[in-house]
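Here's a quick look at a few residues worth pulling up on screen. Have the sequence and the model open side by side as you read.

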Amino acid sequence: QRRVRGSQSCKHSVVLCGMALVWESNKVKELRSLLHKGAADTVDEKKAEEERKREEEKRRRREAKAKAADGEGGGSSDEEGEGGAKKRNPDYSQDVDAAHERINVEQLSKKEELFQIRFIVHKARKLAGAIQSPLVRIHLDTKVLRTKPRKGKNPKFNETLLFSLTKSECELVECPVEIRIIDSAKSVQYSLIGLYKCDLSIAWVSKDKNLFFKWFALSNPDEPQDGLTGYINVSIQIIPPGESAKEAPRKRDDEIDRSDNVFFPPGIALQPGRFIVKLFNGEDMPQSDKESFLFNTKKEDPVKAEIKRKQREKRQGSSNLNHSFRKHFHSN
(Lines give C-alpha, C1' and ligand atoms only; values in the text may rest on other atoms or scores of the structure.)
Protein backbone atom coordinates (compact mmCIF):
# COMPACT_ATOMS: atom_id res chain seq x y z
CA GLN A 1 0.00 0.00 0.00
CA ARG A 2 2.85 2.34 0.82
CA ARG A 3 4.38 1.67 -2.61
CA VAL A 4 1.09 2.23 -4.39
CA ARG A 5 0.49 5.47 -2.52
CA GLY A 6 4.08 6.62 -3.30
CA SER A 7 3.69 5.89 -7.01
CA GLN A 8 0.36 7.70 -7.08
CA SER A 9 1.85 10.73 -5.34
CA CYS A 10 4.72 10.74 -7.87
CA LYS A 11 2.22 10.66 -10.73
CA HIS A 12 0.29 13.52 -9.17
CA SER A 13 3.50 15.56 -8.74
CA VAL A 14 4.51 14.89 -12.36
CA VAL A 15 1.10 16.01 -13.56
CA LEU A 16 1.27 19.14 -11.44
CA CYS A 17 4.77 19.95 -12.75
CA GLY A 18 3.58 19.51 -16.34
CA MET A 19 0.62 21.79 -15.70
CA ALA A 20 2.95 24.37 -14.17
CA LEU A 21 5.26 24.23 -17.21
CA VAL A 22 2.36 24.65 -19.61
CA TRP A 23 1.11 27.59 -17.56
CA GLU A 24 4.57 29.18 -17.59
CA SER A 25 4.97 28.66 -21.35
CA ASN A 26 1.58 30.31 -21.93
CA LYS A 27 2.63 33.21 -19.75
CA VAL A 28 5.88 33.56 -21.70
CA LYS A 29 3.93 33.61 -24.94
CA GLU A 30 1.63 36.27 -23.57
CA LEU A 31 4.58 38.34 -22.42
CA ARG A 32 6.25 38.04 -25.81
CA SER A 33 3.08 39.05 -27.60
CA LEU A 34 2.74 42.02 -25.27
CA LEU A 35 6.34 43.03 -25.93
CA HIS A 36 5.87 42.81 -29.69
CA LYS A 37 2.65 44.70 -29.42
CA GLY A 38 4.35 47.36 -27.31
CA ALA A 39 7.17 47.73 -29.86
CA ALA A 40 4.65 48.03 -32.68
CA ASP A 41 2.68 50.55 -30.67
CA THR A 42 5.90 52.51 -30.09
CA VAL A 43 6.65 52.62 -33.84
CA ASP A 44 3.06 53.62 -34.55
CA GLU A 45 3.29 56.33 -31.92
CA LYS A 46 6.46 57.69 -33.51
CA LYS A 47 4.83 57.78 -36.93
CA ALA A 48 1.76 59.43 -35.48
CA GLU A 49 3.95 61.99 -33.69
CA GLU A 50 5.79 62.83 -36.93
CA GLU A 51 2.50 63.12 -38.78
CA ARG A 52 1.14 65.33 -36.04
CA LYS A 53 4.19 67.59 -36.30
CA ARG A 54 3.74 67.88 -40.06
CA GLU A 55 0.07 68.75 -39.64
CA GLU A 56 0.96 71.26 -36.94
CA GLU A 57 3.52 72.89 -39.23
CA LYS A 58 1.02 73.08 -42.08
CA ARG A 59 -1.60 74.53 -39.77
CA ARG A 60 0.86 77.09 -38.44
CA ARG A 61 1.81 78.14 -41.96
CA ARG A 62 -1.85 78.45 -42.95
CA GLU A 63 -2.55 80.59 -39.91
CA ALA A 64 0.48 82.77 -40.63
CA LYS A 65 -0.68 83.24 -44.22
CA ALA A 66 -4.18 84.10 -43.03
CA LYS A 67 -2.86 86.66 -40.53
CA ALA A 68 -0.61 88.24 -43.14
CA ALA A 69 -3.45 88.53 -45.63
CA ASP A 70 -5.82 89.94 -43.00
CA GLY A 71 -3.21 92.52 -42.07
CA GLU A 72 -2.89 93.57 -45.71
CA GLY A 73 -6.63 94.13 -46.04
CA GLY A 74 -7.94 90.71 -47.01
CA GLY A 75 -10.42 90.43 -44.14
CA SER A 76 -11.42 86.78 -44.90
CA SER A 77 -10.72 83.66 -42.85
CA ASP A 78 -10.11 81.15 -45.66
CA GLU A 79 -6.82 80.51 -47.48
CA GLU A 80 -7.46 83.11 -50.15
CA GLY A 81 -7.49 86.82 -49.60
CA GLU A 82 -9.30 89.63 -51.27
CA GLY A 83 -9.78 89.10 -54.99
CA GLY A 84 -8.82 85.40 -54.78
CA ALA A 85 -5.10 86.15 -54.30
CA LYS A 86 -3.04 83.68 -52.32
CA LYS A 87 -2.04 84.91 -48.89
CA ARG A 88 1.56 85.65 -48.09
CA ASN A 89 3.78 83.94 -45.56
CA PRO A 90 5.46 86.62 -43.42
CA ASP A 91 8.64 84.50 -43.17
CA TYR A 92 9.08 84.43 -46.96
CA SER A 93 10.16 87.21 -49.30
CA GLN A 94 8.35 88.54 -52.34
CA ASP A 95 10.53 86.34 -54.57
CA VAL A 96 8.95 83.24 -53.03
CA ASP A 97 5.46 84.68 -53.46
CA ALA A 98 6.23 85.44 -57.10
CA ALA A 99 7.37 81.83 -57.59
CA HIS A 100 4.10 80.52 -56.13
CA GLU A 101 2.12 82.75 -58.48
CA ARG A 102 3.87 81.12 -61.45
CA ILE A 103 2.92 77.59 -60.33
CA ASN A 104 -0.35 76.09 -61.51
CA VAL A 105 -1.35 73.86 -58.61
CA GLU A 106 -3.97 72.03 -60.68
CA GLN A 107 -1.26 70.64 -62.96
CA LEU A 108 0.81 69.24 -60.09
CA SER A 109 0.64 65.54 -59.31
CA LYS A 110 -0.73 64.34 -55.98
CA LYS A 111 1.03 60.98 -56.20
CA GLU A 112 3.89 60.48 -53.76
CA GLU A 113 7.27 59.93 -55.41
CA LEU A 114 10.92 59.86 -54.35
CA PHE A 115 12.64 63.16 -55.19
CA GLN A 116 16.32 63.99 -54.80
CA ILE A 117 17.03 67.56 -53.65
CA ARG A 118 20.60 68.70 -54.26
CA PHE A 119 22.11 71.76 -52.58
CA ILE A 120 25.51 72.96 -53.82
CA VAL A 121 27.01 75.42 -51.34
CA HIS A 122 29.55 77.48 -53.26
CA LYS A 123 30.75 80.33 -51.06
CA ALA A 124 29.81 83.03 -48.56
CA ARG A 125 30.70 86.69 -48.46
CA LYS A 126 30.77 89.63 -46.03
CA LEU A 127 29.80 87.65 -42.93
CA ALA A 128 29.23 89.96 -39.97
CA GLY A 129 30.78 89.69 -36.54
CA ALA A 130 33.90 88.11 -35.12
CA ILE A 131 33.82 84.80 -36.99
CA GLN A 132 36.21 81.91 -36.45
CA SER A 133 34.83 78.73 -38.06
CA PRO A 134 31.67 79.32 -40.13
CA LEU A 135 29.71 76.39 -41.53
CA VAL A 136 26.44 76.08 -43.47
CA ARG A 137 23.50 74.10 -42.12
CA ILE A 138 20.51 73.45 -44.38
CA HIS A 139 17.12 72.43 -43.00
CA LEU A 140 14.77 70.77 -45.50
CA ASP A 141 11.41 69.70 -44.08
CA THR A 142 12.45 67.64 -41.02
CA LYS A 143 15.97 66.77 -42.25
CA VAL A 144 19.21 68.63 -41.56
CA LEU A 145 22.61 68.47 -43.29
CA ARG A 146 25.67 70.66 -42.86
CA THR A 147 29.04 71.41 -44.44
CA LYS A 148 32.49 71.27 -42.96
CA PRO A 149 33.66 74.39 -41.09
CA ARG A 150 35.84 76.91 -42.88
CA LYS A 151 37.83 80.01 -41.92
CA GLY A 152 37.37 83.72 -42.47
CA LYS A 153 34.52 86.05 -43.41
CA ASN A 154 34.56 85.11 -47.10
CA PRO A 155 34.80 81.30 -46.97
CA LYS A 156 34.56 78.97 -49.97
CA PHE A 157 32.73 75.71 -49.27
CA ASN A 158 32.13 73.98 -52.65
CA GLU A 159 30.22 71.12 -51.02
CA THR A 160 27.14 69.19 -52.14
CA LEU A 161 24.36 68.20 -49.72
CA LEU A 162 21.86 65.62 -51.00
CA PHE A 163 18.38 65.08 -49.54
CA SER A 164 15.77 62.41 -50.36
CA LEU A 165 12.08 63.19 -49.91
CA THR A 166 9.01 61.06 -50.61
CA LYS A 167 6.30 63.58 -51.38
CA SER A 168 3.84 64.59 -54.03
CA GLU A 169 4.54 67.56 -56.27
CA CYS A 170 1.91 69.61 -54.45
CA GLU A 171 3.67 69.01 -51.13
CA LEU A 172 7.17 69.36 -52.55
CA VAL A 173 6.80 72.92 -53.83
CA GLU A 174 5.71 74.01 -50.33
CA CYS A 175 8.44 72.10 -48.53
CA PRO A 176 10.18 74.61 -46.21
CA VAL A 177 13.89 75.37 -46.64
CA GLU A 178 16.10 77.16 -44.15
CA ILE A 179 19.69 78.10 -44.99
CA ARG A 180 21.74 78.91 -41.90
CA ILE A 181 25.33 80.00 -41.34
CA ILE A 182 26.63 79.37 -37.84
CA ASP A 183 29.98 79.76 -36.13
CA SER A 184 30.99 76.30 -34.94
CA ALA A 185 33.68 77.71 -32.64
CA LYS A 186 31.11 79.44 -30.42
CA SER A 187 28.44 78.15 -28.09
CA VAL A 188 24.99 77.28 -29.41
CA GLN A 189 23.41 80.37 -27.90
CA TYR A 190 25.55 82.82 -29.90
CA SER A 191 26.44 80.72 -32.94
CA LEU A 192 23.87 82.00 -35.47
CA ILE A 193 25.32 84.42 -38.02
CA GLY A 194 22.34 84.65 -40.36
CA LEU A 195 19.63 82.67 -42.11
CA TYR A 196 17.29 82.75 -45.08
CA LYS A 197 13.85 81.07 -45.19
CA CYS A 198 12.06 79.96 -48.35
CA ASP A 199 10.57 76.84 -49.94
CA LEU A 200 11.33 74.73 -53.00
CA SER A 201 9.05 76.76 -55.26
CA ILE A 202 11.96 79.04 -56.20
CA ALA A 203 13.78 76.05 -57.72
CA TRP A 204 10.63 74.48 -59.17
CA VAL A 205 9.91 77.50 -61.40
CA SER A 206 13.52 77.72 -62.62
CA LYS A 207 14.66 76.23 -65.91
CA ASP A 208 14.64 72.41 -65.66
CA LYS A 209 14.00 72.85 -61.91
CA ASN A 210 17.63 73.97 -61.45
CA LEU A 211 18.47 77.20 -59.63
CA PHE A 212 22.18 77.83 -60.18
CA PHE A 213 24.55 80.27 -58.43
CA LYS A 214 21.91 82.25 -56.55
CA TRP A 215 22.89 84.68 -53.81
CA PHE A 216 20.83 84.64 -50.60
CA ALA A 217 21.03 87.65 -48.29
CA LEU A 218 21.14 86.60 -44.64
CA SER A 219 19.61 88.22 -41.57
CA ASN A 220 19.36 87.37 -37.88
CA PRO A 221 15.71 87.31 -36.70
CA ASP A 222 16.86 87.59 -33.07
CA GLU A 223 18.64 90.88 -33.85
CA PRO A 224 16.75 92.56 -36.70
CA GLN A 225 18.42 95.89 -36.01
CA ASP A 226 21.67 94.49 -37.45
CA GLY A 227 20.18 94.30 -40.95
CA LEU A 228 22.00 92.04 -43.38
CA THR A 229 24.64 89.79 -41.81
CA GLY A 230 26.13 88.32 -44.98
CA TYR A 231 25.53 86.60 -48.31
CA ILE A 232 25.72 82.96 -49.39
CA ASN A 233 25.86 81.55 -52.91
CA VAL A 234 23.89 78.29 -53.32
CA SER A 235 22.56 76.17 -56.19
CA ILE A 236 19.34 74.16 -55.69
CA GLN A 237 18.38 71.23 -57.94
CA ILE A 238 15.17 69.20 -57.85
CA ILE A 239 15.80 65.78 -59.40
CA PRO A 240 12.56 63.89 -60.26
CA PRO A 241 12.55 60.08 -60.07
CA GLY A 242 14.32 58.41 -62.96
CA GLU A 243 16.41 61.47 -63.88
CA SER A 244 20.01 62.40 -63.16
CA ALA A 245 21.47 65.64 -61.85
CA LYS A 246 22.76 68.17 -64.35
CA GLU A 247 26.15 69.78 -63.99
CA ALA A 248 26.23 73.43 -63.03
CA PRO A 249 27.15 75.67 -65.98
CA ARG A 250 30.36 77.65 -65.91
CA LYS A 251 29.82 81.32 -65.20
CA ARG A 252 32.13 84.25 -64.68
CA ASP A 253 32.13 86.19 -61.45
CA ASP A 254 30.63 89.26 -63.14
CA GLU A 255 27.71 87.10 -64.31
CA ILE A 256 27.05 85.83 -60.77
CA ASP A 257 27.73 89.00 -58.76
CA ARG A 258 24.77 91.02 -60.01
CA SER A 259 22.17 92.91 -58.03
CA ASP A 260 19.32 91.07 -59.78
CA ASN A 261 20.79 87.70 -58.73
CA VAL A 262 20.10 88.18 -55.01
CA PHE A 263 17.17 86.98 -52.89
CA PHE A 264 16.58 89.36 -49.99
CA PRO A 265 14.70 88.46 -46.78
CA PRO A 266 11.31 90.09 -46.13
CA GLY A 267 11.52 93.72 -45.15
CA ILE A 268 14.87 94.25 -46.88
CA ALA A 269 15.16 95.17 -50.56
CA LEU A 270 17.31 97.23 -52.89
CA GLN A 271 16.40 100.91 -52.94
CA PRO A 272 17.47 103.45 -55.56
CA GLY A 273 20.40 105.52 -54.34
CA ARG A 274 21.27 109.12 -55.20
CA PHE A 275 24.85 110.34 -55.13
CA ILE A 276 25.59 114.05 -55.22
CA VAL A 277 29.10 115.27 -56.09
CA LYS A 278 29.90 118.96 -55.60
CA LEU A 279 33.03 120.51 -57.17
CA PHE A 280 34.14 123.72 -55.47
CA ASN A 281 37.54 124.73 -56.85
CA GLY A 282 40.85 123.36 -58.08
CA GLU A 283 44.45 124.36 -57.45
CA ASP A 284 47.83 123.73 -59.08
CA MET A 285 46.31 122.30 -62.25
CA PRO A 286 48.82 121.92 -65.14
CA GLN A 287 48.24 124.18 -68.15
CA SER A 288 48.12 121.30 -70.64
CA ASP A 289 45.51 119.43 -68.67
CA LYS A 290 43.41 122.55 -68.38
CA GLU A 291 43.52 123.22 -72.13
CA SER A 292 42.68 119.61 -72.98
CA PHE A 293 39.84 119.63 -70.47
CA LEU A 294 38.39 122.81 -71.94
CA PHE A 295 38.90 121.51 -75.47
CA ASN A 296 37.13 118.24 -74.75
CA THR A 297 34.19 119.92 -73.04
CA LYS A 298 33.73 122.51 -75.80
CA LYS A 299 30.99 121.62 -78.27
CA GLU A 300 32.22 121.79 -81.89
CA ASP A 301 30.15 122.87 -84.87
CA PRO A 302 29.37 119.79 -87.05
CA VAL A 303 29.97 121.76 -90.31
CA LYS A 304 33.42 122.88 -89.19
CA ALA A 305 34.18 119.34 -87.99
CA GLU A 306 33.34 117.97 -91.47
CA ILE A 307 35.57 120.58 -93.16
CA LYS A 308 38.46 119.72 -90.83
CA ARG A 309 38.00 116.02 -91.53
CA LYS A 310 38.21 116.57 -95.32
CA GLN A 311 41.31 118.73 -94.87
CA ARG A 312 43.00 115.99 -92.81
CA GLU A 313 42.16 113.39 -95.45
CA LYS A 314 43.52 115.68 -98.20
CA ARG A 315 46.77 116.27 -96.31
CA GLN A 316 47.10 112.56 -95.61
CA GLY A 317 46.59 111.74 -99.30
CA SER A 318 49.18 114.26 -100.44
CA SER A 319 51.70 112.95 -97.89
CA ASN A 320 51.18 109.40 -99.15
CA LEU A 321 51.68 110.60 -102.77
CA ASN A 322 54.94 112.39 -101.89
CA HIS A 323 56.19 109.32 -100.04
CA SER A 324 55.56 107.06 -103.04
CA PHE A 325 57.22 109.57 -105.39
CA ARG A 326 60.31 109.78 -103.19
CA LYS A 327 60.53 106.01 -102.98
CA HIS A 328 60.30 105.69 -106.77
CA PHE A 329 62.86 108.47 -107.25
CA HIS A 330 65.42 106.90 -104.91
CA SER A 331 64.94 103.46 -106.45
CA ASN A 332 65.71 104.86 -109.93
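## Three residues up close

Asn158 is exposed, at 57% relative accessible area (exposed means over 50%, buried under 20% and partly exposed in between, with a 1.4 Å probe and protein chains only). This is a predicted model, where local features need pLDDT of at least 70, side-chain atom pairs count only at pLDDT 80 or more, and totals for chains, interfaces and linings use all residues. Residues are numbered from 1 along each chain as its sequence is written, and side-chain values use heavy atoms, with hydrogens and water left out.

Back to the backbone: most residues other than glycine have a negative phi. Asn158 isn't a glycine, yet its phi is positive. Lys209, also not a glycine, has a positive phi too.

| Residue | Phi | Place |
|---|---|---|
| Asn158 | about 55 degrees | strand β4 (residues 156-167) |
| Lys209 | near 60 degrees | loop between α4 (201-204) and β7 (210-219) |

Those helices (H or I, at least four residues) and strands (E, at least two) are DSSP runs, numbered from the N terminus. As for accessibility, Lys209 counts as partly exposed at 24%.

Now for Asn233, which sits in strand β8 (residues 228-239). Is Asn233 buried or exposed? Buried, with just 1% relative accessibility. Its side chain reaches the backbone oxygen of Lys214 at 3.5 Å. Beyond its neighbours within four places in sequence, Asn233 is in contact (heavy atoms within 4.5 Å) with Ile120, Val121, His122, Lys123, Phe213, Lys214, Trp215 and Ile256.

Key
A polar contact is a pair of N or O atoms within 3.5 Å; within protein, one must be able to donate a hydrogen and the other to accept it, and residues adjacent in sequence count only if both atoms are side-chain atoms.
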